[in-house]
Amino acid sequence: NMCSSCFPPPPFSLSPSLSEGDVYMSSHEHRFRLFSSVEYEGQLYMTPQNFIESVTMSEPRNKKPWRSLTKQELEKILSETPAVWKGSSKLFRNLRERGIIAYTEYLFLLCILTKPHAGFKIAFNMFDADGNQMVDKREFLVLQEIFRKKNEKKERKGDAEKSAQLVSCASRNTSPQVLKKESQEFVPRSYWDVLRRSASQALFSDLAERADDNLVIDTTLLVHFFGKKGKAELTFDDFYRFMDNLQTEVLEIEFLTYSKGMTTISEEDFARILLRYTNVENIASYLENVRQSIPDEKGITFDEFRSFFQFLNNLEDFAIALQMYNFANRSIGQDEFARAVYVATGLKLTHHLVNTIFKIFDVDHDDQLSYKEFIGIMKDRLHRGARVKPEKGAQT
């Protein structure tokens, strides 16, 4: 066992237990600690395999004690990290345990998974603080840090009693700093709106200085994006491809888990994947819905599967479209649903996919979808478990 006082506080600490009075640990921090498996110089890291498990499984496959990496081991791992132009939708599966992902990078990757393709350019422009259409290592590190702080602030909302206890650890060299609750705080519609206000001033702050110094431990993502010397720059095309590949990889893994080598998954398994990581308690009744409503299994293809999750990443725009159509206060039919999806997202969902979605959520069998229930459940699903309360016994 490692001495808990030797390390900084969560999300990076290796402290095995936390008392409620000491630290409020957000759901993202909890999940990061739960799935992390390696430690280097007192900080916790995920491997690529850990990250994949954290977004496709409710609990780690086999939780073991954290493994300490030596400097030589880390250097060897990073020396084998492929360049960004060699990226693919199998990057994380190929790297498996040969890589490290820091907490700020975990938040960044999570956000990518829930971004619509239209948001990729906005994300890139946010990192590209000097507007030269290239992102360098310094810009990336600065924005990641702002991003983490905004994420913490957002997660503290709705937890007023604990908010003053949330510990911010800007880097492993700083002492814990208690963030005080702001009396009035504007909640923007998207992360990127918040970051835009912070990025320019932060480039001239101590964050930028720290990014320039050698205080940053290189990670798989930093080497992948900026090379082993950290001098390479990231183009939008590389950035877009990385984001698209990550979304595809996670969806492929989920799909292949159920397809067993076939080209489709059953409608029931589609429902199972959909209701995962949501607060739905009576999943069995939803699955029974599908069994009774679709007795002749046709199957959901990977293209249909991916199109649904691309739609899910556009959920906010879809909700706005429904409100404009005044569907928010009444049930909605299949044709209206398909049209609203297309208007809001440009995606054409197949008739079979729309029918399957309706059969899952149409609890009272009137071939209508309850807007509020559907949107509520899907918002949970979009966050892949980050909002769901940890199960008992899941604490690390």
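In the predicted model, seven residues of helix H13 are buried: Glu267, Asp269, Phe270, Ala271, Ile273, Leu274 and Leu275. Helix H13 spans residues 267–275 and has nine residues in total. With seven of the nine buried, H13 is largely enclosed by the rest of the structure. Acidic side chains belong to this buried set, since Glu267 and Asp269 are counted in it.

The wider chain gives the setting. The chain holds 19 helices and nine strands. Of its 396 residues, 53% are buried. Contacts were also sorted by sequence separation. Among those between residues at least 6 apart, 73% join residues at least 24 apart.

Thr220 illustrates such contacts at the level of one residue. Thr220 lies in helix H11, which covers residues 220–226. The relative accessibility of Thr220 is 6%, under the 20% limit, so the residue counts as buried. Beyond its neighbours within four places in sequence, Thr220 touches Leu78, Thr81, Leu95, Arg98, Gly99 and Ile100. Arg98 is one of these partners. Arg98 and Thr220 are 122 residues apart in sequence. Their C-alpha atoms are 8.6 Å apart in space.

Two helix pairs were examined for packing. Two packed helices are described by the angle between their axes and the distance between the axes. Helix H6 (residues 118–127) packs against helix H12 (residues 236–259) at an angle of about 125°. The axes of H6 and H12 are 10 Å apart. An angle between 115 and 145 degrees falls in the oblique class, and H6 and H12 are therefore oblique to each other. Their crossing is right-handed. On the H6 side, the contact is made by Phe120, Lys121, Ala123, Phe124 and Phe127. H12 contributes Phe236, Phe239, Tyr240, Met243, Asp244 and Gln247. By class, the contact of H6 with H12 has eight nonpolar residues, one polar and two charged.

The second pair is helix H15 (residues 302–312) and helix H18 (residues 351–361). The axes of H15 and H18 come within 10 Å and cross at roughly 60°. H15 and H18 are therefore oblique to each other. The crossing of H15 and H18 is right-handed. Glu304, Ser307 and Phe308 of H15 meet His352, Leu353 and Ile357 of H18. This contact of H15 with H18 divides into three nonpolar residues, two polar and one charged.

Strand pairing was considered next. Strands of a sheet pair through backbone hydrogen bonds, either parallel or antiparallel. One open sheet has three strands in the order E2-E1-E3, with mixed pairing. Strand E2 (43–45) and strand E3 (67–68) are the edge strands, each pairing on one side only. Strand E1 (residues 38–40) pairs with E3 in the parallel sense, over two bridges. Within this pairing, Glu39 has Ser68 of E3 as its bridge partner.

Backbone geometry was also checked in the loops. Glu41 is found in the loop between E1 and E2. Glu41 is not a glycine, yet its phi is positive, at about 50°. The relative accessible area of Glu41 is 45%, and the residue is partly exposed. Gln133 is found in the loop between H6 and strand E4 (134–135). Gln133 likewise has a positive phi, of about 65°, although it is not a glycine. At a relative accessible area of 40%, Gln133 is partly exposed.

Technical notes
Residues numbered from 1 in each chain as written. Predicted model: local features only at pLDDT ≥ 70, side-chain atom pairs only at ≥ 80, totals over all residues. Heavy atoms only, no water. Buried < 20%, exposed > 50% of the residue type's maximum accessible area, 1.4 Å probe, protein only. Helix = DSSP H or I, 4+ residues; strand = E, 2+ residues; numbered from the N terminus. Pairing = 2+ DSSP bridges. Axes fitted to C-alpha atoms, helices over the stretch in contact; angles between N-to-C directions. Parallel < 35°, antiparallel > 145°, perpendicular 65-115°, else oblique. Left-handed = near helix turned anticlockwise from the far one by under 90°. Contact = heavy atoms within 4.5 Å.
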